[in-house]
Protein chains: 2
Amino acid sequence: MNEADEKVGELEEALRARGVRMTRQRAALLTVLANAEDHPDANELHRRAREIDPSVSLATVYRTLSLLQDQSVVQRHVFEGAPARFETADAPHHDHIIDLDTGDVIEFCSDRIERLQAEIAAEHGYEVVHHRMELYCRKKG
Amino acid sequence: MNEADEKVGELEEALRARGVRMTRQRAALLTVLANAEDHPDANELHRRAREIDPSVSLATVYRTLSLLQDQSVVQRHVFEGAPARFETADAPHHDHIIDLDTGDVIEFCSDRIERLQAEIAAEHGYEVVHHRMELYCRKKG
DNA sequence: TGACTTCTTGCAAATCATTCTCATAATCAA
DNA sequence: TTGATTATGAGAATGATTTGCAAGAAGTCA
Ligand SMILES: [Mn+2]
Ligand SMILES: [Mn+2]
Ligand SMILES: [Zn+2]
Ligand SMILES: [Zn+2]
């Protein structure tokens with residue numbers, strides 16, 4: 001709650017510096033995002049934001065998420081057969097394992113895979129702008 | 001045109017054997033799919049199927065695609081910000097490079113990445129049921 | 001602290017891909 | 001052919017996301 005609050009302050013500053021107006025609803029959503037340890041979807045973010053400011057509408061949640069995505073503050077992920085999920089973009093790059101039974105999302109990163117991806121793209125005359133890698137898994141045993 | 005027609009015949013047989021009724025519209029869609037060398041979406045498949053049988057409706061295209069997916073005859077891919085795309089499932093497993101400028105889709109497969117993915121899942125106590133890997137790229141130079 | 005300009009918001013209606021409902025038509029085994 | 005079962009077309013319904021618009025806030029500068 002301390003680290004996250006600090007994060008919120010920094011984000012508000014950074015955004016203001018970039019000419020983004022800091023409204024009540026944007027601040028609420030930033031707080032929710034900074035405190036989220038999971039990968040909530042727009043509805044869940046709306047639910048959490050309302051706890052801080054009951055006036056926040058779902059439309060504004062979507063609008064703010066787009067804004068924050070443009071500002072590289074959040075990342076949007078669309079996993080199979082589910083609405084988009086969001087997380088702050090401050091963590092280093094990683095990909096996801098999705099537990100097919102529980103819906104749990106686990107993060108991982110493999111430098112070797114990242115390197116191989118770049119190699120493969122290069123072999124085809126391309127450079128990777130961004131990529132998506134999701135492992136849909138089931139517990140072993 | 002020969003190879004594809006052969007493929008259609010085999011598919012029709014295989015499906016009939018599994019108790020699937022072979023209707024005019026299903027045959028049309030199978031022909032379209034067997035002849036497709038790209039990754040068309042439902043609308044494009046509908047357009048092509050109508051050239052064979054003008055009565056085919058979009059609803060039936062969707063219904064048939066679901067059926068064929070259940071029968072492991074087609075695979076559905078949902079790339080970023082676009083409707084689902086389809087391809088026959090007869091080719092061996094591969095992943096995709098998407099050209100951000102042209103929309104072109106290029107296929108590739110890396111055994112090393114596939115192996116690493118399995119390893120990573122295992123490290124977390126999981127086994128990969130299926131995965132998704134897409135490289136969104138731009139031409140180099 | 002106003003007054004002003006420019007952006008934001010909430011609400012409801014619009015989109016868009018996909019799915020579903022239902023009355024009618026087609027498949028296929030007998 | 002017949003009959004039981006399943007598929008189809010048309011259009012309405014869905015669900016996530018976006019948008020238009022009138023009303024409300026933010027930031028700026030006196
Ligand atoms: Mn993550
Ligand atoms: Mn492919
Ligand atoms: Zn990665
Ligand atoms: Zn793969």
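**Figure 1. The surface near DNA strand C in the predicted model mixes residue classes.** Seven nonpolar, five polar and six charged residues make up this surface. In total, 18 residues surround DNA strand C. The closest are A:Ser55, A:Ser57, A:Thr60, A:Arg63 and B:Tyr62. Of the strand's atoms that come within 4 Å of the protein, 67% belong to sugar and phosphate.

**Figure 2. Chain A contacts the sugar and phosphate groups of DNA strand C.** The side chain of A:Thr23 places an N or O atom 2.9 Å from a phosphate oxygen. A:Gln25 uses a polar side-chain atom, 2.9 Å from a sugar or linking oxygen. At A:Ser55 the backbone takes part: one of its N or O atoms lies 2.4 Å from a phosphate oxygen. Both chains have elements that give two or more residues to this surface. From chain A these are α2 (24-35) and α4 (58-70). From chain B it is α4 (58-70).

**Figure 3. DNA strand D is surrounded by 18 residues.** A:Tyr62, B:Ser55, B:Ser57, B:Thr60 and B:Arg63 are the closest. Sugar and phosphate supply 68% of the strand D atoms that come within 4 Å of the protein. By class, the surface residues divide into seven nonpolar, five polar and six charged. At least two residues come from each of α4 of chain A, α2 (24-35) of chain B and α4 of chain B.

**Figure 4. Phosphate, sugar and base atoms of DNA strand D each meet a protein atom.** A backbone N or O atom of A:Met22 sits 3.3 Å from a phosphate oxygen. B:Gln25 brings a polar side-chain atom to 2.8 Å from a sugar or linking oxygen. B:Arg63 reaches a base: a polar atom of its side chain is 2.6 Å from a base nitrogen.

**Figure 5. Chain B coordinates the manganese ion (ligand 2).** The donor residues are B:His39, B:Glu87, B:His94, B:His96 and B:Glu107. Each histidine donates through NE2. B:Glu87 appears twice, with two OE donors, and B:Glu107 gives one OE. Distances run from 2.2 to 2.4 Å. The arrangement is irregular because the six donor atoms subtend angles of 55 to 168 degrees. Along the sequence the donor residues follow the spacing H-x47-E-x6-H-x1-H-x10-E. B:Glu87 belongs to strand β2 (residues 85-88) and B:Glu107 to strand β4 (residues 105-108), so this pair ties together parts 20 residues apart in sequence. B:Glu87 is buried, at 9% relative accessible area. B:Glu107 is partly exposed, at 36%.

**Figure 6. The zinc ion (ligand 4) occupies a tetrahedral site.** Its protein donors are B:His93 (NE2), B:Asp95 (OD), B:Glu114 (OE) and B:His131 (NE2). They lie 1.9 to 2.1 Å from the ion. Angles among the four donor atoms span 99 to 128 degrees. The sequence spacing of the donor residues is H-x1-D-x18-E-x16-H. B:Glu114 comes from helix α5 (residues 111-123) and B:His131 from strand β5 (residues 126-139), so the pair links parts that are 17 residues apart in sequence. B:His131 is buried, with a relative accessible area of 15%.

**Figure 7. A:His94 makes polar contacts with two glutamates of chain A.** A:His94 lies in the loop between β2 (85-88) and β3 (95-99). The residue is buried, at 12% relative accessible area. Its side chain makes a 3.2 Å polar contact with that of A:Glu87. Another, of 3.0 Å, joins it to the side chain of A:Glu107. Beyond four places in sequence, the residues in contact with A:His94 are A:His39, A:Glu87, A:Glu107, A:Phe108 and A:Cys109.

Terms used
Residues are numbered from 1 along each chain as its sequence is written. Chains are lettered from A and ligands numbered from 1 in the order in which they are written. This is a predicted model: local features need pLDDT of at least 70, side-chain atom pairs count only at pLDDT 80 or more; totals for chains, interfaces and linings use all residues. Side-chain values use heavy atoms; hydrogens and water are left out. Helices (H or I, at least four residues) and strands (E, at least two) are DSSP runs, numbered from the N terminus. Buried means under 20% relative accessible area, exposed over 50%, partly exposed in between (1.4 Å probe, protein chains only). A polar contact is a pair of N or O atoms within 3.5 Å; within protein, one must be able to donate a hydrogen and the other to accept it, and residues adjacent in sequence count only if both atoms are side-chain atoms. Contact means heavy atoms within 4.5 Å. A residue is near a molecule or strand if one of its heavy atoms lies within 4 Å of it. Ala, Val, Leu, Ile, Met, Phe, Trp, Tyr, Cys and Pro count as nonpolar, Asp, Glu, Lys and Arg as charged, and the others, Gly among them, as polar. Donors are N, O and S atoms within 2.8 Å of the metal (3.2 Å for Na, K and Ca); water is not among the atoms, so sites may look incomplete. Four donors count as tetrahedral if all angles lie between 85 and 135 degrees; four count as square planar and six as octahedral if opposite donors are over 155 degrees apart and all others between 65 and 115; anything else is irregular.
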